[in-house]
Number of protein chains: 2
Amino acid sequence: MSDAAKKIMQRINALAKISDEQRQLTRTFASPAMRRANDTVASWMRDAGMTTRADAIGNLIGRYEGTSPNAKTLILGSHLDTVRNAGKFDGPLGVILALACVEELQRTKCRLPFAIEAVGFCDEEGVRYQSTYLGSRVLAGCFEATDLLRKDASGVTMADAIKAFGGAPQKIPSAKLNPKKVLAYVEVHIEQGPVLEEKNLAVGVVTTIAGQSRIKLTFTGKAGHAGTTPMSLRQDALCAAAEFILAVERYGKEMAGLVATVGQIQNTPNASNVIPGEVSISLDVRHQRDAVRRAAVKQFQAVRNDIEKERRVKIASQVIQETDSVPCSLAISNLLQSSALKKQRSAPQLSSGAGHDAAVMAQITPVGMLFVRCKGGVSHHPDESVQTSDVQVALEVMNDFIDSLAKHHG
Amino acid sequence: MSDAAKKIMQRINALAKISDEQRQLTRTFASPAMRRANDTVASWMRDAGMTTRADAIGNLIGRYEGTSPNAKTLILGSHLDTVRNAGKFDGPLGVILALACVEELQRTKCRLPFAIEAVGFCDEEGVRYQSTYLGSRVLAGCFEATDLLRKDASGVTMADAIKAFGGAPQKIPSAKLNPKKVLAYVEVHIEQGPVLEEKNLAVGVVTTIAGQSRIKLTFTGKAGHAGTTPMSLRQDALCAAAEFILAVERYGKEMAGLVATVGQIQNTPNASNVIPGEVSISLDVRHQRDAVRRAAVKQFQAVRNDIEKERRVKIASQVIQETDSVPCSLAISNLLQSSALKKQRSAPQLSSGAGHDAAVMAQITPVGMLFVRCKGGVSHHPDESVQTSDVQVALEVMNDFIDSLAKHHG
């Protein structure tokens, strides 16, 4: 194992100890733990010969100059915030690996025809303000100013949190990157799924970040005594929801690449001796092709209508979010794939079902993503696990990619 | 409308104001509201020429002597406790109607060849200690002494609650009624179901209190990212539970008289973007014939085994409670039916899907029950509603029944 890969793991382990909560890893936007994490990573960046700065919202940016001060910038990175009770790789892996790429340039005293900026985004998970991608949205210039008024669970507005963190809410608009100065954004991230593990491969290249529809459905039947209401007279909201849930699963299995999930369910009154009167569920539908996703949503609405008619249960549905798919840059992806093929027998093209900062950065620059195998596909959980040998492959692929890009650019 | 029926309604309304909670009716075992309710009903009992006493656990008993002090006792009554945020008829109707029957005897200066005791049971719903039928179990001699150690939500043991209420835990065993001195137990109660309303009749006669099986099932699948885990690799606990829920409903509809309900569902982690990893549900199965209920439970276990195999989801099941059906006395039911037929065009025989104090009292004496129509079959809810005209029919039926029983007995 290379020392570089081991060092990446040591740093990821060190970051995992920087938490807002005792005994579990939780690092939210503009929190004290985020402050310490930024300070720690910034010091590593400076050791790697980078100049560091924090932008108006608190993104940490380390810069390694190219051969010319007017060169474009290749941005590498990921996010430093986490979910509650998180694993240690989701986010930090991409930041620390970017740093390792720069260390390799420093070690070989290499300057490129472009600058490299390693970014640690301040918020991707959106735990504190239920608003994801705060960091990348500032760099991409699509930050919503009204979000500054959002309050966290303690009533602190986002604007005040940013100020307390040392940022400057009023300077957020001017923190947008100049697209003309950016060459590309490339992010390394754990797969959060089981495909690479199934194929027994360390890394894969992301071609698309899937679009997503999030819908809330509420089934309103009629509560009643479980012992005294004949089956034929019931309007059981949970049975209606169960029928819908199975229809979603059936259709999801039929359509290649579609994932459709009912992850949340709330039942009222939820007592063993009362027929369920009202049930709310969440529906999450994703596919790399937007047309397929939209057709699925349409199909689910038809199922909803059928159940409503057959069961005398009212079903309200509300679209909570609709995001189109984001394609990765073909040029970047091809380079990543060529580099990956030098390190492993095949380089599978993957679609990312999860959202990433890359999806936001795509608004201003070509993006690429390299996925790294994670154990059991588990993420957002302390059991998140990545092998050091896979980190080494990812590092070698990225070093080779940067080399190729320089040749390509030069 | 007779004044007697109106008076019953007024008293039920007065009791509905005696609550442990503001703005909703909640009257739990041995609570301050229970104290005031008992005192109020006791004063009405004394006005009706009854002597009153409270037994060791806090049941309120009013006695109207028969022609001889050694006569057997006909016990009429129901419970004075309620569920949380209750309706006003479930329980109190039977107590206040019993009192009205005695008032009719007092008005006509009539003494019977048996005494009448009107009982207001102190606990049938089991809200405070999650242990139902505390009151009737004491009179029937099947109270479990270990229940005295149970603690309520504030940590107060049942023994201390009884003492604070003025009862005597150590005297509970001797509070058992002598079966030889009891003629029968007859309870008037709202139907809690829609059958009488469907038939447009005021009252019906209960032939059986259905047996009940309560089972808890836990489906353990595998949580995973909703965006990144292909449908084919999922072990979705909620989909497995949904399949079970629909199978329960299907079978319940096929078997005449069977009611099978999944009323409770708990999903973990219950997040819109996470595949459900573990789901627990309650299953409640009731039928007046125990063999049919047992066959249903067997069938549900077979369904469970099939789902477990097909879906690679582990399903644990645990029987929480199993109660056999309790037949009402044929002699008492026939008398009730004859009396009912004098007041309405037909007197349907009903099976009670809900449990009642009568099911416990059946251990020591013949029991009978008269059901009164309630609006929409709704119970355990502030919307519980009974028409005064139906109360009048119930009162007339009970007066006639008592009269018939006296003739029968004499």
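User: By what turn and what shift along the axis can chain B be laid on chain A?

Analyst: First, keep in mind that this is a predicted model. The general idea: two copies of a chain are related by a rotation about an axis and a shift along it. Here, a turn of 180° and a shift of 0.2 Å along the axis lay chain B on chain A, with an RMSD of 0.2 Å. The two copies are thus related as by a two-fold rotation axis. They also use the same surface, since 100% of the contact residues of chain B recur in chain A.

User: Which residue of chain B comes closest to the rotation axis?

Analyst: Look for A242(B): its C-alpha lies 2.2 Å from the axis.

User: Okay, now inside one chain. How is chain A divided into domains?

Analyst: Domain 1 covers 3-209 + 325-408, and domain 2 covers 211-323. Their C-alpha centres are 36 Å apart. Where they touch, domain 1 of chain A supplies eight residues and domain 2 of chain A supplies six.

User: How much area is buried between domain 1 and domain 2 of chain A?

Analyst: About 430 Å², with carbon and sulfur atoms giving 35% of that. On the domain 1 side, S325(A), S351(A) and G353(A) lose the most area, together 76% of what that side buries.

User: And what kinds of residues sit on that domain 1 side?

Analyst: Two nonpolar, six polar and no charged. Strand 6 (residues 203-209) of chain A gives the most to this side, with three residues. Between the two domains there are zero salt bridges, but four residue pairs are in polar contact.

Key:
Residues numbered from 1 in each chain as written. Chains lettered and ligands numbered in written order. Predicted model: local features only at pLDDT ≥ 70, side-chain atom pairs only at ≥ 80, totals over all residues. Heavy atoms only, no water. Least-squares fit on C-alpha atoms with pLDDT ≥ 70 in both. Contact = heavy atoms within 4.5 Å. Domains from an automatic or database assignment. Buried area = accessible area lost by both parts, 1.4 Å probe. Salt bridge = Lys/Arg side-chain N within 4 Å of Asp/Glu carboxyl O. Polar contact = N/O pair within 3.5 Å; in protein donor to acceptor, adjacent residues only side chain to side chain. Helix = DSSP H or I, 4+ residues; strand = E, 2+ residues; numbered from the N terminus. Nonpolar A, V, L, I, M, F, W, Y, C, P; charged D, E, K, R; others polar.
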